[in-house]
Amino acid sequence: MKFSHEILETNAGILLIGTMIAISIGGLVEITPLFLIKDTVEDVPGVRPYTPLESRGRDIFVREGCYTCHSQMIRPFRDEQLRYGHYSLAAESKYDHPFQWGSKRTGPDLARVGGKYSNEWHVQHLNQPTSVVPESVMPNYPWLAKTPLDYSDVADRLRALRTVGVPYSASEAEYQANVKQFGAEVANTLRIDKAQENLVAQAQAGNYDGDRSFVSEADALIAYLQVLGTMVDFSKVKPEDLVKYR
């Protein structure tokens, strides 16, 4: 007796069982390898978690909806690399929860904006975008430089990120592991018990908004923008070495 699709198409029960079997096989083929490999994203030298100040700046970036107009994903196409720089690596977003790749560019991509403009430029751009980019349709954000940053719960925020795998250290053993992976200077910024102290110290040293009298939301946001795309030094690697990180 030859098999006929009519058997499946005219019998809802058999069709349902067959569908479930097909989905189960497909799911196992896709999911099983993830349990057999150590990590789905390879480490790239230089990539590190955000400092407490940068992390709070990222929170403000999300709060203000900046991701709705700005992407953070440079695709591996020649025109995008000529305009924005090296294509984005998966590892550069490994500590983003959630990632900020975006899907629309009303404004330019920000994946490599770090260091492209001065702190003063960013302050002016946030206060009145058209003063530095006349054709800009970005709204003004003058209150950011006037609003004190609330960092009373920054340690709790880092603990929350730690639960999803971001290596902020809550013990001496974790701190030493970070020293080994990132170096002592970076590891110190990842200590949860020193989160507030490190946040204020970076804001004072960076003086991002030009006013050291208090830590503003502009300080945090600019600190975040200035680090985007700067962690990996592409001048020290060959293009063929990065293929595996795409």
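The largest nonpolar core, meaning a set of buried Ala, Val, Leu, Ile, Met, Phe, Trp, Tyr and Cys residues joined through side-chain atoms within 4.5 Å, has 44 residues, of which Leu53, Tyr168, Leu221 and Leu225 touch the most other members. Helices α3, α5 (119-127), α6 (154-163), α9 and α10 (217-227) each supply at least two residues of this core, and α10 gives the most, with 8 residues. This is a predicted model, in which local features need pLDDT of at least 70 and side-chain atom pairs count only at pLDDT 80 or more, while totals for chains, interfaces and linings use all residues. Residues are numbered from 1 along each chain as its sequence is written, and side-chain values use heavy atoms, with hydrogens and water left out.

Leaving aside residues up to four places away in sequence, Leu225 touches Phe61, Leu110, Val113, Gly114 and His122, where contact means heavy atoms within 4.5 Å.

Helix α3 (residues 52-63) packs against helix α9 (residues 195-206) at an angle of about 85°, with the axes 7 Å apart; the two are therefore roughly perpendicular, a term that covers angles of 65 to 115 degrees. On the α3 side the contact is made by Pro52, Leu53, Glu54 and Arg56, and on the α9 side by Ala195, Asn198, Leu199, Gln202 and Ala203.

Gln202, placed in helix α9, is buried, with a relative accessible area of 18%, the limit for buried being under 20% with a 1.4 Å probe and protein chains only. Not counting residues up to four places away in sequence, Gln202 touches Thr51, Leu53, Glu54, Asn207, Tyr208 and Ala223.

Methods: Axes are lines fitted to C-alpha atoms, for helices over the stretch in contact, and angles run from 0 to 180 degrees between N-to-C directions. Helices (H or I, at least four residues) and strands (E, at least two) are DSSP runs, numbered from the N terminus. Angles under 35 degrees count as roughly parallel, over 145 as roughly antiparallel, 65 to 115 as roughly perpendicular and the rest as oblique. Buried means under 20% relative accessible area, exposed over 50%, partly exposed in between (1.4 Å probe, protein chains only).
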